[in-house]
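Please read the following report alongside the sequence and the model. It takes up the pockets, then one helix pairing, and ends with a single residue.

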Amino acid sequence: MSKREQVEAAAQQVEQHPVLAKLAGVGHAVNGIVHIIIGLIAISVARGAGGSADQSGAMRAIDSTPLGSIGLWAAALALFALALYSAAVAIGDIRHSKKEAARHAGRAVAYIAVGVVAVTYATGGTSDGEETAKSVSAQLMATTWGSLLLGAVGVGVLVAGITMVVKGIRKKFMDQVDVTGKTRRTFAALGMAGYIARGVAFGIIGILFVVAVLTNNPDEAGGMDGALKKLTELPFGGILLILVGAGLIMYGIFCFARARATARDNA
């Protein structure tokens, strides 16, 4: 057996481990809760209140509950398990579909990033996604190659956002859930609204990175919070932000169906 086959076999064992599958299912549920909180904060911002409509804001909200750091540690564990599960799926998909493998690998990185934010708050630290985005952008834009890389990342994120919108409209996400009948129709509607909302947010993030490069101004770059708040600068922006926030809440609810499907896959 070649080294590649050994790695694939090990990844398959990880993916099919029932305990990891259940933890990954919990990770999807945590991801859902995070999106619900972000959606609620976005709606609050649209109505004139403050708050950070991103993962940092969600973790601060969790930290302020009676669960506090315990809830954050549990969230981090579940998200890291989901990242490991996604990485194993990515390795298994390499032979069949490099495109799908890349998607699962990207999700693994995203789950790790959110998990790190949870650990940061659980250990008493803080995190600011907007400041991080601006700082990294400034460092990259200090060189020509860095600017080109940042621009490419922006275009990539924009394309990912458009892909999410298309996926939502075409309901190409239903293979991720295991529901039937009226429940399936309900989650199809939730998933459609959720993917479109996430696609809009990601698309704006991508545009912000591209604009930062074109204007040579790293302050134009931003993360989820900055992207959502940019909507308020548009005509009827408050209404748009409420709609996107509601869509993110719906995506969060949809994640619970993904949690159930993942936990049952290898039970």
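What volume does the largest pocket have? In this predicted model, the largest pocket has a volume of about 1,500 Å³. Its lining is made up of 45 residues, and those nearest the centre of the pocket are Gln55, Ala110, Ala113, Phe202 and Ile205. Many helices take part, since at least two lining residues each come from helix 2 (18–46), helix 3 (55–63), helix 5 (98–122), helix 6 (129–140), helix 7, helix 8 (181–215), helix 9 (224–230) and helix 10 (237–265). Among these contributors, helix 5 gives the most to the lining of the largest pocket, namely 10 residues.

The second largest pocket has a volume of about 520 Å³. It is lined by 22 residues, of which His104, Arg107, Asp175, Gln176 and Arg258 lie closest to its centre. Two or more residues of this lining are given by each of helix 4 (68–93), helix 5, helix 7 and helix 10, and the largest share, 5 residues, is that of helix 5.

The table sets out the two pockets by volume and by the classes of their lining residues.

| Pocket | Volume | Nonpolar lining | Polar lining | Charged lining |
|---|---|---|---|---|
| Largest pocket | about 1,500 Å³ | 24 residues | 13 residues | 8 residues |
| Second largest pocket | about 520 Å³ | 6 residues | 6 residues | 10 residues |

Helix 2, which supplies residues to the lining of the largest pocket, also packs against helix 4. The axes of helix 2 and helix 4 come within 7 Å and cross at roughly 115 degrees, and the crossing of helix 2 past helix 4 is left-handed. On the side of helix 2, the contact is made by Leu20, Ala21, Leu23, Ala24, Val26, Gly27, His28, Val30 and Asn31, while helix 4 brings Ala75, Ala78, Leu79, Ala81, Leu82, Leu84 and Tyr85. Sorted by class, this contact of helix 2 with helix 4 holds 13 nonpolar and 3 polar residues, and no charged ones.

Finally, is Ser147 buried or exposed? Ser147 belongs to helix 7, which spans residues 144–170. Its relative accessible area is 16%, and because this value falls under the 20% limit, Ser147 counts as buried. Leaving aside residues up to four places away in sequence, Ser147 touches Leu140, Met141 and Val213.

How values were computed:
Residues numbered from 1 in each chain as written. Predicted model: local features only at pLDDT ≥ 70, side-chain atom pairs only at ≥ 80, totals over all residues. Heavy atoms only, no water. Helix = DSSP H or I, 4+ residues; strand = E, 2+ residues; numbered from the N terminus. Buried < 20%, exposed > 50% of the residue type's maximum accessible area, 1.4 Å probe, protein only. Contact = heavy atoms within 4.5 Å. 1 Å grid on protein atoms, 1.4 Å probe; cavity = no way out; pocket = protein on both sides within 12 Å on 5 of 7 lines; lining within 4 Å. Points joined across faces, edges and corners; volume = space filled by probe spheres on them. Nonpolar A, V, L, I, M, F, W, Y, C, P; charged D, E, K, R; others polar. Axes fitted to C-alpha atoms, helices over the stretch in contact; angles between N-to-C directions. Left-handed = near helix turned anticlockwise from the far one by under 90°.
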